[in-house]
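Here is a friendly walk through one helix and the core of a protein model. Have a look at the coordinates first, then read on.

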Amino acid sequence: MLQNPLQLRLEKFEPWKQITFMACLCERMYPNYAVFCQTTQFAEARVFRDILDSIWEQLTVKTAKVNFERQLEKLEEIIPSSEDFDFYGVYPAIDACVALSTLIHGLLDRDYLYENMQKLSQQSVMTVAQLEEAQTGEEITNENQKENEAVCEEWDVQWAIFRPLKDAEERDIDLIKDLRAELKEEGISNIGVSL
């Protein structure tokens with residue numbers, strides 16, 4: 001596990017901030033899945049998109065009702081298997097699905113929201129670290145992670161999502177919408193894949 005002071009700070013977040021933080025990370029991982037689907041015709045990336053959008057909607061629309069158990073079932077149908085594809089893109093695509101699944105599990109059982117947020121933060125960093133390892137053949141550890149530009153950039157982005165959330169007094173719908181819009185418009189994933 002790669003560690004960062006961010007992980008301790010996240011613990012103090014209220015539930016809506018934790019969910020928003022996780023949704024932001026899933027939004028950043030979405031291009032990894034979408035591009036994989038475009039390349040392989042494996043599944044409709046739209047399904048992933050719709051599930052993630054339903055979470056954003058629940059964060060911003062008071063009356064939104066989402067059946068997260070059903071969303072989880074839909075997600076499980078579109079997770080690729082690394083045994084079926086012999087190119088690297090399948091791994092970040094799986095990671096994106098695992099991340100979204102982690103978020104939904106957190107929504108289904110709020111007692112584990114913080115643990116799931118930790119997992120998701122770690123998942124996003126590991127997607128980056130594993131690609132770096134695949135390219136360089138060198139393992140990324142706690143000790144050497146600061147020397148890796150891509151891993152440092154990933155932590156920086158997570159900090160950048162954390163800061164405005166930290167400063168929010170109460171559930172700030174505009175802030176949630178702004179974070180989402182910014183990440184969607186950028187359309188660049190944690191490993192630099194763009195839509």
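At the start of α8, a side-chain oxygen of Asp172 comes to within 3.1 Å of the backbone nitrogen of Asp174; a polar contact here is a pair of N or O atoms within 3.5 Å, where one must be able to donate a hydrogen and the other to accept it, and residues adjacent in sequence count only if both atoms are side-chain atoms. This is a predicted model, with residues numbered from 1 along each chain: local features need pLDDT of at least 70 and side-chain atom pairs pLDDT 80 or more, while totals for chains, interfaces and linings use all residues. Side-chain values use heavy atoms, leaving out hydrogens and water.

Helices are DSSP runs (H or I, at least four residues), numbered from the N terminus. The 14 residues of α8 should span 20 Å at 1.5 Å a residue (times one less than the number of residues), and the end C-alpha atoms are 20 Å apart, which agrees. Just after α8, Gly187 has a positive phi of about 60 degrees.

The two sides of α8 compare as follows, with a 1.4 Å probe on protein chains only:

| Residues of α8 | Relative accessible area |
|---|---|
| Leu175, Ile176, Leu179, Leu183 | buried, under 20% |
| Asp174, Glu185 | exposed, over 50% |

Seen down the axis, the buried residues of α8 fall within an arc of 105 degrees (taken from directions to the C-beta atoms), so they line one face of the helix. They pack against α2, α3 and α7, with contact meaning heavy atoms within 4.5 Å.

Methods. Helices (H or I, at least four residues) and strands (E, at least two) are DSSP runs, numbered from the N terminus.
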